[in-house]
Each structure stands twice: as C-alpha cells, then as structure tokens.
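Colleague: Got a minute to walk me through the aromatic rings in this one? I'm new to it.

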Amino acid sequence: KIHSQIAIIGGGTAGLNIAAQLIGDGHAIPQQIRIFEPSKMHAYQPGWTMVGGGLCNVKKTLKPMDQVLPKNISVSDSAVTKINPQQNEIETQDGGIYTYDQLVIATGIQTNFDQIKGAQKYLDDLNSPVASIYNYKYAVKMNRLVEEFEGGNIVYTEPPLPIKCAGAPQKIIYLSHDRLNKRGKKTHHHFYKTAGVIFGVPKYAEILTELCKNKQINCHFKQKLVEVQDHIAIFENQDTKELKSVTFDLLHLVPPQFPAQFIAKSGLGDSAGFAHVNPNTLQHVTYKNIWSLGDCSSLPTSKTAAAVMAQTPVLVKNLIRTWKYKLDPIPGYLGYTSCPIFTSQTKLLLAEFKYNSELDETFPIFQSNESRLMFHLKKDFFPIAYWQIMVRGWWGGRDGLRFFKGA
Ligand code: FAD
C-alpha cells in the first residue's frame, strides 16, 4: 500500500485548484500530495461553449495533464473504483491500494450520452446534423454545422438538472441565433427543456424570457429528450409522459449527467449519489478527514468552475485547520456561483448568485442587461486567468489574485 498525506481524486478544475493552492499557500509540499486522474488531458470546459459558438479554437481549451499539474506531485493514472473510508483506503481500477490522512473527492459529473437512445450514433456520424458542446469533439462539430447551416429548424435540448453549467444549453442558442441572423439564414429556433422554467433565479429568468421573445426563440418546458432518430427528436412530456416527435435540420443536445458510481458504492453519497458534504464547510457529513467540492459534491448550488474557485480556499483552510491544528472547520462557503450567459456574438449577461438562488452580484450595474464589457471578461480574460493564474493557485475568483495571501 502506498501512503499519501493528502489524496485528491480527480485532476479537473477542482482537484487541480486544490493541489495548486495547498502548495502555493505553503501548506503542503508536492511530495505529500497524490492525485488520482486517468485522463491525459486537462480541459477548460467553459471554453467548449465558445468552440461550438465559433468564438474560440478547441486547442485553446485542452492541455496535457502533466503540463498543468504541480511539479513533483505524485500521480496515479488509474481511475478510483472504491474508497474504504473506515480504513482510509482507496482502490484503483488497476488493482492498486493507497492510503491517506486527508482525502478530497473532486471527480466532477459524468456526461451520459447513452441515456438518450440513438444519440451516440448520430453524434459520432460526421454527416449527421447532431452535436453537443458537452464534449470537445462534438463542440467542434456544432461550430461546423452552424457554419454550414442553410436554414430550417434547430432544436436545442436540456436534460434534467443537476448538470454542469446549467446556462450552457441556452448560451449555444443565442450564439448560433446571432451567427445565422448575420448570415441571413431563415431559421426557427426551438428550446426544449426538461425543467419548467428558463432559469432558476427570477431576476435572470425575467431577462432571458424577454430575450427569447425578442429573438423569436420558442421555449418548450417539461420536455425531456429520450430518443434521436434520423432528423427526428422524441420528447417525453414530464407531466403526462406522452411522447412527441419533432423534426429538425440541426439538433444540439445536452446529455444527462450523474456523479461517479464509486461515491455511492463507498457509502459516501447523498440520496442522489453526490459526495455528501456540509454545504458551508465542505467536510463530509460522516468522515471528518474526507472533503469534496465541485460538480461531484452535494453542495446545493449551480455546478460551475466559478463555484469551484469560491469553494477551494474554504476547503483548503478547513482541511488544514482540522488536520494540522485540530480545530473545527469554519462555515465559509455560502453557495457562490456564476453563470456568464452569452446572449449574442458580442454581449453577455453575467448571472451571479448563492444558495437559495439569492443574488450575489459583483458588478450590479452591468448585470441587469446584456453587456459588452462582461462579454470580453468571459471571452478574453477568464481563459487567461484559468491557464495562467488558476493553475498556479493564485486565482481567488472574484476575490482577485491570491499570491499576496500565500503562506
Ligand atoms: P471536472 O473539471 O469535470 O474534473 C473532474 C475530473 O475527475 C476529470 O479530470 C476526470 O477525469 C476525473 N475523474 C472522474 N472520475 C474519476 C475516477 N473514478 N477516478 C479518478 N479521477 C476521476 N463553469 C463556469 O464557471 N463558467 C462557464 O461558463 C461554464 N461553462 C461550461 C460549459 C460547458 C459546455 C461545460 C461542459 C461546463 C461548463 N462549466 C462552466 C462548468 C465547469 O467546467 C465545471 O463546473 C468544472 O469543470 C467542475 O470542476 P470539477 O473538478 O468538479 O470537474
């Protein structure tokens, strides 16, 4: 058995940020930390909306994992299959067994295209007009399909919540709408959502409802995509369970999403299988040396990288307080999350809120309308902040740069 003082499962946005801040703040040296991460690539997933929307090259959203993980950190490239929390043990797919003093679960949320009958086949067929920004290859396909689109019906879907970045299924509508308008292509845009409202926060829901009305985007609520056939999408009405066929010339679909199964299998999940942590301290409700953040956690807020940026310093501080100083964790996270919604090829509505859908805005004067300034913040500044500042542990989200606050 190989022992690590701190084990982090997942080297995505949350796992990487935790490792970078533990080291950057001087709380740990790289040799004390082991990351479990099977993927060879690290993705800046918020960039995939821009890839599908024609605003960014896919190459800018991917980097080899070994280029972004902190130097000299231990890495296991086999997926974790089970945790035995009473023994402080981790099992991996290749049969490895590891032990830890402190454990951070950061495995994200899995996209499951297979849950929609026929979806995978049409997504993989380069000649079929079906795409999705929830995967970088299908995001590239979406960009091409919109570029080549000659007019007709576009159907966009959204699966049951929770999903990562709940605003993304509609960002791609507004981006595509604007591009096709500029090219003068006569297009009918239809948005089929499984939920009953356009957005969970009333202020932004009002703005987006008006926007859809003005852009003549037709919203259909309580409709869940269950099957894709040749140019036909089949929806299930969430109240009556009736099935309805809708023809399309282009389909943008969003896959159903679930936490990794090993979390529930290890007795660490809530009723939906997300790592069950205290919503304010991020400490596991049963095991005091287990922590979780990001998309795989039970934190009842919208699942975004922006939320991860607000969660990380709280988790790092609490892990160190309990582990090194034997103090209780502090309830420091209040649910902050943000959703930058592209509303066209030049404008954006920045939604920011916390638990219970309460507003938590940083730039209120720019957040009641679509804004050009917010568009550039998202398109030009956030990717730089991610790749240059976050990976060094210096990005404090909206609290700004953290390198003054180091050890
Ligand atoms: P991830 O970054 O997904 O990382 C999880 C990691 O865990 C992966 O590397 C995976 O390989 C690894 N893993 C999984 N299972 C195992 C296992 N069993 N063992 C070991 N490792 C495992 N956020 C925003 O803030 N703003 C946006 O505008 C925005 N737009 C988005 C648009 C799209 C299309 C998408 C897909 C996401 C968007 N997000 C946005 C959401 C954001 O990308 C996620 O919330 C963020 O990446 C969550 O970080 P995470 O570390 O929890 O999960």
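Colleague: Which residues form one aromatic cluster with Tyr-44?

Modeller: Tyr-386 and Trp-387 join Tyr-44 there. Keep in mind that this is a predicted model, where local features need pLDDT of at least 70, side-chain atom pairs count only at pLDDT 80 or more, and totals for chains, interfaces and linings use all residues. Residues are numbered from 1 along each chain as its sequence is written, and side-chain values use heavy atoms, leaving out hydrogens and water.

Colleague: How many aromatic pairs does the structure hold?

Modeller: There are 13. Rings of Phe, Tyr and Trp (its six-membered ring) pair if their centres lie within 6.5 Å; planes under 30 degrees apart are stacked, over 60 edge-to-face, the rest tilted.

Colleague: Why is the pair of Tyr-44 and Tyr-386 tilted?

Modeller: Their planes are at 45 degrees, with the centres 4.6 Å apart, so the pair counts as tilted. Tyr-44 sits in the loop between strand E3 (41-43) and helix H2 (47-52), while Tyr-386 is in helix H10 (residues 372-389), 342 residues apart. Helices (H or I, at least four residues) and strands (E, at least two) are DSSP runs, numbered from the N terminus.

Colleague: And Trp-48, buried or exposed?

Modeller: Trp-48 is buried, at 10% relative accessibility. Buried is under 20% relative accessible area, exposed over 50%, partly exposed in between (1.4 Å probe, protein chains only). Trp-48 also makes a tilted pair with Tyr-136, 6.2 Å centre to centre, and Tyr-136 is partly exposed at 33%.
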